[in-house]
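Here are my notes for you on this structure and the spaces in it. Have a look at the sequence and the model, then read on.

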Amino acid sequence: MNTSNFSQTNTLAFDFAENKSALLTAIIESSEDAIISKTLQGIITSWNPAAIKMFGFSEAEAVGKHISLIIPSDRLKEEDFIIGQVFQGNRIDHFETLRQHRDGSAVPISLSISPVRNKQGKIIGASKIARDISEQQKLAEKQGMLAAIVDSSDDTILSKTLDGIITSWNKAAEHMFGYPEAEAKGKHITLIIPKERLDEETFIIREIRKGNKVDHFQTERMAKDGTLIPISLSVSPILDRDGNVVGASKIARDISVQQADAAEKERLYEQVKALNTRKAEFIGLASHELKTPLTSINGYLQILHKSVKEEKSQQFLMKSQKQVKNLIRLVNDLLDITKIEEGKLNFIMDKFNIRDVVADGIELISIANNKHRINLHSDLNELVIDGDYYRVEQVVINLLTNAVRYAPDSHEIEVYLERSAEEVKVGVRDFGMGIPADKLENIFSRFYRVDDNSSVSGLGIGLYLSHQIITGHKGRIWVESDFGTGSIFWFSLPLTHRL
Ligand code: ADP
């Protein structure tokens, strides 16, 4: 066995000696590096395929030419230096420089040059091996750019191994935690983790090992002086070329300002809420206190109305009664608002014909004002719904009152009563000032008034109450309006299906 091995090695040595020149040629031909030889005068004597590719000249074009063929004019002096070194029998290793492609573009290369000797040992030329380092340079540039970004970032950026050893630490990290880079690098990450939060690190590393990211994890870390800093942490796995997780990069943002803002907002919100409750309590109390004397004034006025005979006094009494009624209506609306806020706006449910409600409402408003004619358009008679008669009437009266108030120069109001299979629809159309389109969505909000209509006084309560009442009956209320032309307010309520 030994013998056979010996003879095999011998044969190989023999083959190698025989074919040395052919082997060298094959290596030169297949090399990815440009391999060029030249005389001491700089005349190119050989030029391999990689040189053709790198510099764009064919072998025929390059051999016999001076090497300055590929040297940019501002670097010609380098050649003198190189030849000087070769003359002295010195090698030049990994000399980074630029050469020129046939098309004029610069080729960044790393050059290694050796003297070539003849059999007598005399230096007769030089061989050059040139490696294209443009990719390497691009990579270095990219790395430099990334390093600059990391360095100038306002966020803390650091990296660590899977065992938690800190491997990089940017300027923002120095600033946030008070440890200079030299002090932090090489230490365990627990340097900045408060004791009671050590478990978090175990969780984060577990996720990272699985290749997962941890995003916007809100926590606290500890600075050198012991201060706790609220941060939002994003951690990503660092992968090697083969895709294995070898560490983690962490970006930490100081969120103390946001937290302080959120706390301040919360405080203000609570304050506004408390003030709102007090305001509602006040409105409730004041309306209640107002209602008692108003009710007795109303009663006395009614008694007086019966006993006073003189015509002028009768007229004054009627006007006073009308004003007192307006006041009572207002106070009742305010009381209703308080009830809604306390969740106490209850409905006394009954079955009734909504046509009666509409007709009653029209009659009531017509008696109180003779300027507008109110026309009911409907040939439907029996429209039974389930609801609170008094509250639905309140809505009808409210819409009719608004139609009168916000259309002072017109004389007609149209009322529509329609039905579909499931519901009944009531519409009140006026030909008054209308509502601008951008105000329509707020019209049913509490205390909301349209500035453009401020010539008419009011508190912005009626439509809010109407909305609460109708939605409380599982119905809908809405408005269509043309500013300057008029409006139509609609509400719909589910019909009762009688068996
Ligand atoms: P107010 O007592 O102020 O009339 P409402 O809640 O009834 O309170 O109405 C809210 C606002 O909607 C009013 O201030 C007015 O600007 C507007 N508005 C209500 N009805 C009409 C209407 N028919 N035409 C024009 N604007 C109206």
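The points below go through the ligand, its pocket and then another pocket.

1. A reminder before anything else: this is a predicted model. Keep that in mind when you look at the distances and volumes below.

2. Start with what sits around the ligand. The shell has 19 residues, and N402, Y406, D430, R449 and L463 come nearest. Sorted by class, the shell holds nine nonpolar, seven polar and three charged residues.

3. Which helices and strands each supply at least two residues of that shell? They are α12 (389-405), α13 (462-472) and β17 (486-494). Try finding these three in the viewer.

4. Now for the polar contacts with oxygen atoms of the ligand. N402 uses its side chain: a polar atom there lies 2.9 Å from a ligand oxygen. With L459 the partner is a polar backbone atom, 3.3 Å from an oxygen of the ligand. G462 also comes in through its backbone, with an N or O atom 3.2 Å from a ligand oxygen. As for cover, the ligand has 530 Å² of accessible area on its own, and the protein covers 97% of that.

5. Where does the ligand sit among the pockets? The space it takes is the second largest pocket, which holds about 630 Å³ of space. This pocket has 29 lining residues, and those nearest its centre are N402, R405, Y406, R449 and G458. You've met N402, Y406 and R449 already, as they are among the residues that come nearest the ligand.

6. What builds the wall of that second largest pocket? α10, α12, α13 and β17 each supply at least two lining residues. α12 gives the most, with four residues. By class, the lining has 13 nonpolar, 11 polar and five charged residues.

7. Don't skip the largest pocket, with about 1,300 Å³ of space. Its lining has 30 residues, and K325, N326, R329, L364 and A368 are the closest to its centre. The classes here are 11 nonpolar, 12 polar and seven charged.

8. Which helix gives the most to the lining of the largest pocket? That's α10, with 12 residues. At least two residues each come from α10 (311-341), α11 (354-368), α12 and α13. Notice that α10, α12 and α13 also turn up in the lining of the second largest pocket, so colour those helices when you compare the two pockets.

Conventions:
Residues are numbered from 1 along each chain as its sequence is written. This is a predicted model: local features need pLDDT of at least 70, side-chain atom pairs count only at pLDDT 80 or more; totals for chains, interfaces and linings use all residues. Side-chain values use heavy atoms; hydrogens and water are left out. A residue is near a molecule or strand if one of its heavy atoms lies within 4 Å of it. A polar contact is a pair of N or O atoms within 3.5 Å; within protein, one must be able to donate a hydrogen and the other to accept it, and residues adjacent in sequence count only if both atoms are side-chain atoms. Accessible areas come from the Shrake-Rupley method with a 1.4 Å probe; for residues, only the protein chains shown count as cover. On a 1 Å grid over the protein atoms alone, a cavity is a set of points where a 1.4 Å probe fits but cannot get out, and a pocket is an open set with protein on both sides within 12 Å along at least five of seven lines; lining residues have an atom within 4 Å of a point. A molecule sits in a cavity or pocket if more than half of its atoms lie within 2 Å of its grid points. Ala, Val, Leu, Ile, Met, Phe, Trp, Tyr, Cys and Pro count as nonpolar, Asp, Glu, Lys and Arg as charged, and the others, Gly among them, as polar. Grid points are joined across faces, edges and corners, and a volume is the space filled by probe spheres set on the points.
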